[in-house]
Amino acid sequence: MSHFTVDNISISFGGIRAVDGVSFDVQQNSIFSIIGPNGSGKTTIFNMISGIYKPNSGKVVLDGENLTGLSPDRIARKGIARTFQNIQLFGNATVMDNLMLGRHIHMKTGVLSGFFMLGKWTPCAREEVKHREIVEHIVDFLDLQSVRDQFVSSLPYGKRKLVELGRALALEPKVLLLDEPSAGMNTEEKDDLRIWIKDIQEDYKVTILLIEHDMNMVMGISDRILAINQGVKIIEGTPSEVQKHPDVIAAYLGEEDSDAHDQEHRDVV
């Protein structure tokens, strides 16, 4: 059973403390969401977890191993995969090619070793078959069959977001970081995404960390939620506990309580 902990991490940029002593513990195979106003430090936390930033203090621990300071590639090999706010795919490659690239950390044989020699399958060929089987399962799982051979650049934004999710799944992660996965999606696509995230939790047995502006999604699928503001932890708890906390209400809605104000700020999280 994988166990994931963020212990008292802090980071400053130009003398400004972007994240200040944030800690949380995520149970295996749960959905843990981080919410906060724009600029509150959510993505900075993800950047420290995935190795893009190195914390000034604190540590990130997976299965008892301190991952702090490792490169993003090494952290991916340890079992942490990520999607981004801004899609990071190869637009001039097909959906299948992009998903296969997600298998790169698991590929042991060199691409030049050949597939078939002297009447026998080579290790490279057997490995290729295994990787393609895993990717084919993801294609079916995310309903990408109709676009599998299309260039990613030709796809609607919502489909591209799914391809990026699929590529992260192809890494076979223990922990999956989803950074605003529903951004740019329409209502129907968001409804589908909610189902897929729950299915990933159940079928892939993956621990999921989620940053998401859609509060209906966050409250509907999260097991626990961490609310932060200006890099500082406000509360960690169940969706109902977080939703009722006065500091969370103040951080998102200000001190006003009018219907108009509530509507204006409903999704600003």
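A residue counts as buried under 20% relative accessible area, as exposed over 50%, and as partly exposed in between. The exercises below concern a predicted model.

**Exercise 1. A network of salt bridges**

Task: Classify glutamate 236 by its accessibility, and determine which residues are joined with it into one network.

Solution.
Step 1. The relative accessible area of glutamate 236 is 22%, so this residue is partly exposed.
Step 2. Glutamate 236 forms a salt bridge with arginine 224, in which the closest N and O atoms are 3.5 Å apart. Since arginine 224 belongs to strand S11 and glutamate 236 to strand S12 (residues 232–237), this pair ties together parts that are 12 residues apart in sequence.
Step 3. A salt bridge also joins the side chains of glutamate 236 and lysine 233, at 3.1 Å from N to O.
Step 4. The other two residues are classified in turn: arginine 224 is partly exposed at 33%, and lysine 233 counts as partly exposed at 35% relative accessibility.
Step 5. Through shared partners, the salt bridges join Arg224, Lys233 and Glu236 into one network.

**Exercise 2. A salt bridge between distant parts of the chain**

Task: State how many salt bridges the model contains, and decide whether arginine 82 is buried or exposed.

Solution.
Step 1. The count comes to 9 salt bridges, with a side-chain nitrogen of Lys or Arg required within 4 Å of a carboxyl oxygen of Asp or Glu.
Step 2. One of these is formed by the side chains of arginine 82 and aspartate 179, with an N to O distance of 3.3 Å. The two residues are 97 apart along the chain, arginine 82 in strand S6 (residues 80–82) and aspartate 179 in strand S9 (residues 175–179).
Step 3. Arginine 82 has a relative accessible area of 11% and is therefore buried. Aspartate 179, at 1%, counts as buried.

**Exercise 3. The order of strands in an open sheet**

Task: Establish which strands stand at the edges of the sheet S2-S1-S4-S5, and describe how its neighbouring strands pair.

Solution.
Step 1. The sheet is open and consists of 4 strands in the order S2-S1-S4-S5, with antiparallel pairing. Strand S2 (16–26) and strand S5 (65–66) are at the edges; each has a single partner strand, so one side of each lacks a neighbour in the sheet.
Step 2. Strand S1 (residues 4–13) pairs with S2 over 7 bridges in the antiparallel sense. Within this pair, phenylalanine 4 has valine 26 of S2 as its bridge partner, and threonine 5 stands opposite aspartate 25.
Step 3. S1 and S2 make a hairpin with 2 residues between them, and glycine 14 in the turn has a positive phi of about 60°.
Step 4. On the way along the sheet, S1 also pairs with strand S4 (residues 57–62), in the antiparallel sense over 5 bridges. Here the bridge partner of aspartate 7 is lysine 59 in S4.
Step 5. S4 in turn pairs with S5 in the antiparallel sense over 2 bridges, and valine 61 has asparagine 66 of S5 as its bridge partner. A hairpin with 2 residues between the strands is formed by S4 and S5, where aspartate 63 in the turn has a positive phi of about 50°.

**Exercise 4. Buried positions**

Task: Determine how many residues of helix H1 are buried, and which residue, 191 residues away along the chain, has its C-alpha atom 5.6 Å from that of alanine 227.

Solution.
Step 1. Helix H1 (residues 42–49) is mostly covered, with 7 of its 8 residues buried. These are Lys42, Thr44, Ile45, Phe46, Asn47, Met48 and Ile49.
Step 2. Glycine 51, which follows H1, has a positive phi, near 95°.
Step 3. Alanine 227 is placed in strand S11 (residues 224–229). With a relative accessible area of 0%, alanine 227 is buried.
Step 4. The residue sought is glycine 36.

**Exercise 5. A charged surface patch**

Task: Identify which residues form the negative surface patch, and which helix gives the largest share of the patch.

Solution.
Step 1. The patch is made up of Asp140, Asp143, Glu188, Asp191 and Asp192.
Step 2. Helix H6 (residues 187–203) supplies the largest share, 3 residues.
Step 3. Aspartate 140 is located in helix H4 (residues 123–141). Its relative accessible area is 48%, so aspartate 140 is partly exposed.

Notes. Residues numbered from 1 in each chain as written. Predicted model: local features only at pLDDT ≥ 70, side-chain atom pairs only at ≥ 80, totals over all residues. Heavy atoms only, no water. Patch = residues over 30% accessible without salt bridge, like charges linked within 9 Å, V, L, I, M, F, W, Y side chains within 5 Å. Areas by Shrake-Rupley, 256 points an atom, 1.4 Å probe, with all protein chains shown as cover. Lys, Arg positive; Asp, Glu negative; His and termini not counted. Charge placed at Lys NZ, Arg CZ, Asp CG, Glu CD. Buried < 20%, exposed > 50% of the residue type's maximum accessible area, 1.4 Å probe, protein only. Pairing = 2+ DSSP bridges.
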